Protein chains: 4
Amino acid sequence: MKLAFLGIGQMGMGMAARLVQAGLDVCVYNRTIEKCDPLKAMGAHVAATPAEAVADAGIVFTMLSDDAALLATMGRDTVKKMPSGAIHVSMSTISATLAEQMAHSHAKQGRAWLACPVFGRPDAAAAGLLRLCISGNREHKEKVKPYLSPMGEVWDFGESPSGANVVKLAGNFMIGSIVELLSEAFSLVENSGVDRREFSRFISSTMFAAPVVQTYSQLILDGNFDNAGFTARLAAKDLGLVRDAARQSLTPMPIAAIVEDRFLSAIARGWGEKDMSVISQAQRRDAGLTED
Amino acid sequence: MKLAFLGIGQMGMGMAARLVQAGLDVCVYNRTIEKCDPLKAMGAHVAATPAEAVADAGIVFTMLSDDAALLATMGRDTVKKMPSGAIHVSMSTISATLAEQMAHSHAKQGRAWLACPVFGRPDAAAAGLLRLCISGNREHKEKVKPYLSPMGEVWDFGESPSGANVVKLAGNFMIGSIVELLSEAFSLVENSGVDRREFSRFISSTMFAAPVVQTYSQLILDGNFDNAGFTARLAAKDLGLVRDAARQSLTPMPIAAIVEDRFLSAIARGWGEKDMSVISQAQRRDAGLTED
Amino acid sequence: MKLAFLGIGQMGMGMAARLVQAGLDVCVYNRTIEKCDPLKAMGAHVAATPAEAVADAGIVFTMLSDDAALLATMGRDTVKKMPSGAIHVSMSTISATLAEQMAHSHAKQGRAWLACPVFGRPDAAAAGLLRLCISGNREHKEKVKPYLSPMGEVWDFGESPSGANVVKLAGNFMIGSIVELLSEAFSLVENSGVDRREFSRFISSTMFAAPVVQTYSQLILDGNFDNAGFTARLAAKDLGLVRDAARQSLTPMPIAAIVEDRFLSAIARGWGEKDMSVISQAQRRDAGLTED
Amino acid sequence: MKLAFLGIGQMGMGMAARLVQAGLDVCVYNRTIEKCDPLKAMGAHVAATPAEAVADAGIVFTMLSDDAALLATMGRDTVKKMPSGAIHVSMSTISATLAEQMAHSHAKQGRAWLACPVFGRPDAAAAGLLRLCISGNREHKEKVKPYLSPMGEVWDFGESPSGANVVKLAGNFMIGSIVELLSEAFSLVENSGVDRREFSRFISSTMFAAPVVQTYSQLILDGNFDNAGFTARLAAKDLGLVRDAARQSLTPMPIAAIVEDRFLSAIARGWGEKDMSVISQAQRRDAGLTED
């Protein structure tokens, strides 16, 4: 079976490479075509347009930056080019609303939609250690699962065409909130004369010994936000999607609102391209711990 | 060296028992004296008054319910009965303000103060598996540490007489906030058609694989709040102390305010004696997931 | 000059009637055409389609329920039917984003756009006592102002095509927030043994002697939310637009988030069609003042 | 009848002067005795100690800075010096908890307590234009009312010994919240290209035409916070009392928490002695409108 992979950014590069390295027949597409060169060298085909990439593909993976990019890349004309019965596996972080719309419009054209966003940073993508959250039609999921395993571990969230997208948003909400939570706790102990590094070492190795707590504690303590693993601008976008999903589903989420505001403020202060953990810096200013 | 242990509640019982079982000479006191019977059977002395308990004791441990109980039990007259140079090791969750006052007034009377609050539930206390957070004078800490090890693992937070108290409050803030965080995320996915148990299983075994997340996810999902490990009323008291410490140290903590309000509302609704995880129920009502 | 007025709802009815009563030549349109009957009886023309209504009109007023309704009614085909140089005066509460898009697309087609949302309830509309907030091109504003005066008082907010829309949203934010503010204050005094009616009488006739405070205090105290002047569902939509504008303009607005969540919760509890002041009821439940 | 007035600060000066000017027999006391000179010149007696001031006084007014000052000034020994049956009229902004305690301890000593905090700035005090909020025993209130009228307008809030104190706190909560509300709305319109002065002029003369809105809009727009009418530090103290009353009465107040945090942050940033409207500056920094 021929596979198509659209969107060769920091994440997509590692994911597509895993598929090629697994010996699968992959055709890749990226708006800036040069980014596909390393994959070509590994044996991938490179398409000049989305339509060319999806033609004859049994499964089409997309890993694009946002709702607008997905809409632009997988317009009706491109979807028409997919073979009848082909499955579109959408791996980007997108809104639940768009997922529902795409599923609906694909179905009308006789194509299938699966939501399959991922957790993990670029290094995990390259190592095939992502967490893939999937939801949608049971048979379609069974068909694509063998092709997902080179990219990471698959978690199944039922049959809703947007369920896995909401799982991704809920997870990103929790990650963003942990940064704010740690910032508040660190400022409290520091303002009270306790070494926040000691506090961090304590919680990170006992009650809160979780990867997310350890990673973000370190980023906050290091205080070097220039080398962004995930930018404040992208986090603002994701928290916006979280609040949109909360609005759609009538779910009050006060902590999500606080965290979205932190990311908006980060961009307003000119920190949009810094690592998302930079919001700890805004908390420190509120607490008088750094100069305004 | 003679030890005194004041406050034989759910936690104090296990802690004092560990000391007795380690072969130490312990005199215990509790307002309701009958609670001391099991310890007497193990070989502890039982005192009828705090003053009797602390007389001749080199180290006095207190594990009392709140600021008021500590003030009532360790008044000036009782402290006078402590041998000159004796060390008071305060293990309760109390305010940073009271810790500072006690340290100051002890010093004027020639007695020593160490802050040493603990993390862990009654079963951990009985098993000697608590986390003990200590702060205060270095020499005093060295003197008491051998007597702390039967109760659990010791973490040192410097020389401030209230530093460890703030660590305890910051930790309890994080625990309470995790309950709210999970509640919001669970309601979002449930309102979007995803099984919240699947979501919980996912985050608890990946990014958020921490004891606190696992414990409270389970409590929220079980939805049985009657068998309280730690009541909403006590959690409200602790979050009140957190916000007080934030006020004293000029540290804005928006998430702490949200969580304090949740616990106040729990008591106002008549849920004060239920487990603290009952605040998830208030979030579910806000989200239309249970009948008002 | 021929005028067109599209959208004959509770508000539009009164506004269009004022224009007809002023002796102006008005052609009206509404999706449910029967609603236009009273205006026809007064002397208005009635059009069967938007395109028919705007043909030959020098000024086109729209008063529609939301972004979607405006887009559906004033699509490209309808706009084409407007005479070259005609001015579209948009009086609905819509997003700043849509205002910018419409202004841009009108300009490309050689038609003009003015933002002119209004403050006031249906009775004020019928009496010509609305506040009209206008923004956009100076010359176009001068041209339409004489036709606005029968509807109320005009306030000018500069030349941005969406400025007046943001003023409307900021005003609605303040009104919604006042309801929450009063709810919190009322519950505090009531829970402390003070008659909240006395408190309301005091603030409403001294420091806070403003129409909005007086109106909403009364609605909250009466506690009869069934006869909705403005529904919780519409208020949720408006607060959503406020938060969207805050997101677009990078403006953290913590109070707006709290108030949006209150309205979402109101709908989730089944109170969507009640008066927006019903959110005071959610505050009272949080405070233990009514049965859950 | 002899009157005593304790606490000759910015407010107390004007209030005591009004009593003296009304021809009443007033004995004044202030810790820094020189502050009493202008009143002496007007004909007041000056006492060297609180005990001396209250001896033989039928009514004792206190206008002190906070709970601690009231406790220090009106200790048991001073209260004993009041004639049996004398009435203490407490006009400071104090906690509801202290009011209850004082009322209780006065009663045990055969003296009476009335809560009577005031609204208004120093100029209103000097002009006899304060709003006096009174609560307590009905007969006692009747007895003191004639002596209150020179200071302003009396509003009666029932018979609770702390009811009027909560009214004062609820009022100050609303004032502080209005500053935050205006700040958010102003930043939203400014970030969207609208002149915030025009927006302020609009709301202040229409829906929100209330003295508090007009006063604080002007202070925010002027942006000169150095000439403090009421400092951020005092506002932080008051919002702390609001949240304490909310805690005592089990009343969740999310907006009060946001506003308390703003004032804490103002002090942490070194703005404690600036006018309370300075919190608008923190909002502007969050919104990227001034340099950090």
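**The interface of chains B and A, and the setting of B:Ala232**

In this predicted model, 10 residue pairs, both members being at pLDDT 80 or more, are counted in polar contact between chain B and chain A. Across the same interface of chain B and chain A, zero salt bridges are found by the rule applied. The side of chain B that touches chain A comprises, by class, 36 nonpolar, 11 polar and eight charged residues.

The contact is made by 55 residues from chain B together with 55 residues from chain A, and the area buried between the two chains is about 5000 Å², of which 79% is given by carbon and sulfur atoms. Within chain B, the residues that lose the most area to chain A are B:Met174, B:Leu188 and B:Met207, which together account for 14% of what that side buries.

With regard to secondary structure, at least two residues of the side of chain B that touches chain A are supplied by each of the strands β8 (130-134) and β9 (152-156), and likewise by each of the helices α9 (163-191), α10 (196-205), α11 (211-222), α12 (232-248), α13 (254-268) and α14 (279-286) of chain B. The most is given by α9(B), which contributes 19 residues to this side.

The arrangement of the copies was examined by superposition. Chain B can be laid on chain A with an RMSD of 0.0 Å by a turn of 180°, accompanied by a shift of 0.0 Å along the axis. Among the residues of chain B, the one that comes closest to the rotation axis is B:Ala210, whose C-alpha lies at 2.4 Å. The same surface serves both copies, given that 100% of the contact residues of chain B recur in chain A.

Chain D, too, can be laid on chain A by a turn of 180° and a shift of 0.0 Å along the axis, with an RMSD of 0.0 Å, and this is the relation of a two-fold axis. Because 100% of the interface residues of chain D are also interface residues in chain A, these copies meet through the same surface.

One residue of chain B, B:Ala232, was considered individually. B:Ala232 lies in helix α12 of chain B, and because its relative accessibility is 0%, which falls under the 20% limit, B:Ala232 counts as buried. When its neighbours within four places in sequence are left aside, B:Ala232 is in contact with B:Phe263, B:Ala266, B:Trp271, B:Gly272, B:Lys274, B:Asp275, B:Met276 and B:Val278. By contrast, B:Glu142, which stands 90 residues from B:Ala232 along the chain, has its C-alpha atom separated from that of B:Ala232 by 36 Å.

Methods
Residues are numbered from 1 along each chain as its sequence is written. Chains are lettered from A and ligands numbered from 1 in the order in which they are written. This is a predicted model: local features need pLDDT of at least 70, side-chain atom pairs count only at pLDDT 80 or more; totals for chains, interfaces and linings use all residues. Side-chain values use heavy atoms; hydrogens and water are left out. Contact means heavy atoms within 4.5 Å. Buried area is the accessible area (1.4 Å probe) that two parts lose on being put together, summed over both. A salt bridge is a side-chain nitrogen of Lys or Arg within 4 Å of a carboxyl oxygen of Asp or Glu. A polar contact is a pair of N or O atoms within 3.5 Å; within protein, one must be able to donate a hydrogen and the other to accept it, and residues adjacent in sequence count only if both atoms are side-chain atoms. Helices (H or I, at least four residues) and strands (E, at least two) are DSSP runs, numbered from the N terminus. Ala, Val, Leu, Ile, Met, Phe, Trp, Tyr, Cys and Pro count as nonpolar, Asp, Glu, Lys and Arg as charged, and the others, Gly among them, as polar. Copies are superposed by least squares on the C-alpha atoms of residues with pLDDT of at least 70 in both. Buried means under 20% relative accessible area, exposed over 50%, partly exposed in between (1.4 Å probe, protein chains only).
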